[in-house]
Amino acid sequence: MAQKTLAELIPGDLPPTIAALPPDRRAELAATVERAEAKQFDDLHEAAISLLDLLPRMLRGPVKKAVGR
């Protein structure tokens, strides 16, 4: 995965205090934001899959097939 800049990750203008950071610190912050977004995606995916366990047993197979699991 190619690392994105903060400007690519955060919509709108960066706050002046963040824009004033040295380039290496902004790159470190961008990497942290990317890791947080990836973890959030993984957590949401895991939560969505675990919701399938709440379905009645006879519906789990067809629903899993419909969502590509």
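Is Glu8 buried or exposed at 54% relative accessibility? Glu8 counts as exposed. The views below come from a predicted model.

**View 1. Glu8 sits in helix H1 and touches Thr5.** Helix H1 covers residues 6–9, and Glu8 lies in it. The side chain of Glu8 reaches back to the backbone nitrogen of Thr5. That distance is 2.8 Å. Glu8 has a relative accessibility of 54%, so it passes the cut-off for exposed, which is over 50%.

**View 2. Glu8 and Ala30 are separated in sequence by 22 residues.** Their C-alpha atoms are 9.0 Å apart in space. Glu8 belongs to helix H1.

**View 3. Ala36 lies in helix H3.** This helix runs over residues 23–51. Ala36 is partly exposed, because its relative accessible area of 46% falls between the 20% and 50% cut-offs. Thr17 is 19 residues away from Ala36 along the chain. The C-alpha atoms of Ala36 and Thr17 are separated by 21 Å.

**View 4. Helix H4 is hardly covered.** The helix spans residues 57–66. Of its 10 residues, zero are buried. Gly68 follows H4. The phi of Gly68 is positive, near 85°.

**View 5. The whole chain is built from four helices.** Zero strands are present. Along the sequence the pattern reads α-α-α-α. The protein is more spread out than a compact globule, because its radius of gyration is 19 Å, well over the 11 Å that the globule rule gives for 69 residues. Taken along the principal axes, the C-alpha atoms fill a box of roughly 55 × 20 × 15 Å.

**View 6. Surface and contacts of the protein.** Buried residues make up 9% of the 69 residues. The accessible surface comes to about 5700 Å². Carbon and sulfur atoms account for 62% of that surface. Contacts were also sorted by sequence separation. Among contacts between residues at least 6 apart in sequence, 50% join residues at least 24 apart.

**View 7. Charged side chains of the protein.** There are 10 positive side chains and 10 negative ones. The centres of the two sets lie 11 Å apart. Glu8, in helix H1, is one of the residues shown in close-up above.

Notes. Residues numbered from 1 in each chain as written. Predicted model: local features only at pLDDT ≥ 70, side-chain atom pairs only at ≥ 80, totals over all residues. Heavy atoms only, no water. Helix = DSSP H or I, 4+ residues; strand = E, 2+ residues; numbered from the N terminus. Rg over C-alpha atoms; globule rule 2.2 N^0.38 Å. Buried < 20%, exposed > 50% of the residue type's maximum accessible area, 1.4 Å probe, protein only. Contact = heavy atoms within 4.5 Å. Areas by Shrake-Rupley, 256 points an atom, 1.4 Å probe, with all protein chains shown as cover. Lys, Arg positive; Asp, Glu negative; His and termini not counted. Charge placed at Lys NZ, Arg CZ, Asp CG, Glu CD. Polar contact = N/O pair within 3.5 Å; in protein donor to acceptor, adjacent residues only side chain to side chain.
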